[in-house]
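Student: Could we go through a structure together, feature by feature? I would like to practise reading sheets, cores and side-chain pairs.

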Amino acid sequence: MEQKINGILTDYNQAFILQRADPYVLKAADGSYYFTASVPAYDKIILRHADTLEGLKDAEEVTIWTKHESGPMSKHIWAPELHYLFGKWYIYYAAGEEEDVWKIRPYVLECTGNNPMEDAWVEKGMMKRADEDEFSFEAFSLDATIFENKGDYYYVWAEKVGVGRQISNLYIARMEAADKLATVQVLLTTPDYDWERVNFWVNEGPAVIKRNGHIYLTYSASGTGACYCMGMMSITEDCDMLDPKKWSKERYPVVKTDEEKGIYGPGHNSFTKDDEGNDICVFHARTYEEIVGDSLYDPNRHTMLMKVDWDENDRPVFAYMKNK
């Protein structure tokens, strides 16, 4: 797996883990780290575990689940995330069907024990919408993340609406259980701006980071080539998370392609803390712009790390975007 393909290496684009897209890093309660991501073949879910963040780079990679041969969960296994909530370990991921490859829906795995690397995982099926919800997961749905606020868990995901050219929006709902929503979906953001509409109209890949009562939700926009970039929304912890008017959306991307630094198509990130307690953005990007064929199937989206600093207003400042 060669990193340097028609691209240059700089101090900013060194791969943390090669050919792992949609990366998710969790710092567990015991201080250790877990890593999962989409693999190029989109056919399985992998986990790594290490005592330190840096240790994930060379940690043993374990396959904890493999796609079905046909039917649901048999194609396009995408963007897994590992969460510990409601007293158990869960993995949230998206998958299609061999017979209908774009019938992408959100699914849930539950760990039967306390060791995600060794204990068995069982399928909980597709994420269930609230009883009164007629809309959620009826169409292409993926990239779910979960965050907690004041004792409640919130599920945020991308779903397409099928009017004309399909548009991928972000929705939010409060959770009732690990595999069921308690409330009807609320539209958080739709691709409003030109930088969210390159090749495809897309908002997807949400991730949450908090600081001093502020909640920031980053997301990815546009197609999966060099135009891919990250936007951001914010809210304060005392607000109603399900009131879209309480959320503020940034006019311009907060992370985007930087040719000088050799970073192309940065996005689909997660957040963690390093061993010293610094906030870290874990994201994927390529080291080159030109892609042969469909960018979705180019394998060289590598996991990268970027420090997150904070300004005087407790707003995140992304390392390589300083002074942009």
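Tutor: Gladly; the turns below go through the sheet, the cores, the cysteines, the salt bridges and two backbone angles. Please keep in mind that this is a predicted model.

Student: Let's begin with the sheet. How do strands come together, and what is the order of strands in the open sheet of 4 strands?

Tutor: Here is the general idea: strands of a sheet pair through backbone hydrogen bonds, in either a parallel or an antiparallel way. In this model, the open sheet runs in the order β14-β15-β16-β17, and its pairing is antiparallel. At the edges are β14 (203-211) and β17 (248-249), each of which pairs on one side only.

Student: How many bridges join β14 and β15?

Tutor: There are 7 bridges between β14 and β15 (residues 214-221), in the antiparallel sense. To follow one of these on screen, start at Glu204: its bridge partner in β15 is Ser220.

Student: Now the interior. Which residues have the most contacts inside the largest nonpolar core?

Tutor: A core of this kind is a set of buried nonpolar residues joined through their side-chain atoms. The largest one here has 28 residues, and those with the most contacts inside it are Trp78, Phe147, Ile172, Leu188, Leu217, Met241 and Trp247.

Student: Which strands supply at least two residues of this core?

Tutor: Quite a list: β5 (72-85), β9, β10, β11 (167-177), β13 (186-189), β15 and β16 (229-236) each supply at least two. The strand that gives the most is β15, with 4 residues.

Student: And what does Trp247 touch, leaving out residues up to four places away in sequence?

Tutor: With those sequence neighbours set aside, Trp247 touches Phe147, Ile172, Leu188, Leu217, Met233, Ser234, Ile235 and Met241. Apart from the core just described lies another, of 20 residues, including Leu26, Met73, Tyr93 and Ala95.

Student: On to the cysteines. How many disulfides does a search of the whole structure find?

Tutor: A disulfide is a covalent bond between the sulfur atoms of two cysteines. Here the search finds 0 disulfides.

Student: Why is there no bond between Cys227 and Cys229?

Tutor: Look at the distance: the closest cysteine sulfur to that of Cys227 is in Cys229, and at 7.5 Å it is too far for a bond. The cut-off applied is 2.5 Å. As for its setting, Cys229 counts as buried because its relative accessibility is 4%.

Student: How many salt bridges does the count come to?

Tutor: The count comes to 18 salt bridges. When reading one, check the N to O distance, then where the partners lie in sequence and how accessible they are. Try Arg48 and Glu61, whose side chains meet at 2.8 Å, N to O. Arg48 lies in strand β3 (residues 44-50) and Glu61 in the loop between β3 and β4 (62-66), so the pair ties together parts that are 13 residues apart in sequence. Arg48 counts as buried at 9% relative accessibility, whereas Glu61, at 26%, counts as partly exposed. Arg20 joins in too, since Arg20, Arg48 and Glu61 are linked in a network of salt bridges.

Student: Which parts of the chain does the pair of Asp131 and Lys180 link?

Tutor: Their side chains meet in a salt bridge at 2.7 Å, N to O. The pair links distant parts of the chain: Asp131 is in the loop between β8 (121-126) and β9, Lys180 is in strand β12 (residues 180-181), and they are 49 residues apart. Asp131 is exposed, with a relative accessible area of 67%, while Lys180 is buried, with 16%.

Student: How far apart are the closest N and O atoms of Glu148 and Lys210?

Tutor: In that salt bridge they are 3.6 Å apart. Glu148 lies in strand β9 and Lys210 in strand β14, so this pair ties together parts 62 residues apart in sequence. Glu148 counts as partly exposed at 32% relative accessibility, and Lys210 is partly exposed too, with a relative accessible area of 39%.

Student: Last, the backbone. Is Asp143, with its positive phi, buried or exposed?

Tutor: Asp143 has a phi of about 60° although it is not a glycine. This residue sits in strand β9 (residues 141-149) and counts as buried, at 7% relative accessibility. Compare Lys150, not a glycine either, with a positive phi of about 55°. Lys150 lies in the loop between β9 and β10 (152-161) and counts as exposed, at 54% relative accessibility.

Key. Residues are numbered from 1 along each chain as its sequence is written. This is a predicted model: local features need pLDDT of at least 70, side-chain atom pairs count only at pLDDT 80 or more; totals for chains, interfaces and linings use all residues. Side-chain values use heavy atoms; hydrogens and water are left out. Buried means under 20% relative accessible area, exposed over 50%, partly exposed in between (1.4 Å probe, protein chains only). Two strands pair if DSSP finds at least two bridges between them. A nonpolar core is a set of buried Ala, Val, Leu, Ile, Met, Phe, Trp, Tyr and Cys residues joined through side-chain atoms within 4.5 Å. Contact means heavy atoms within 4.5 Å. A salt bridge is a side-chain nitrogen of Lys or Arg within 4 Å of a carboxyl oxygen of Asp or Glu.
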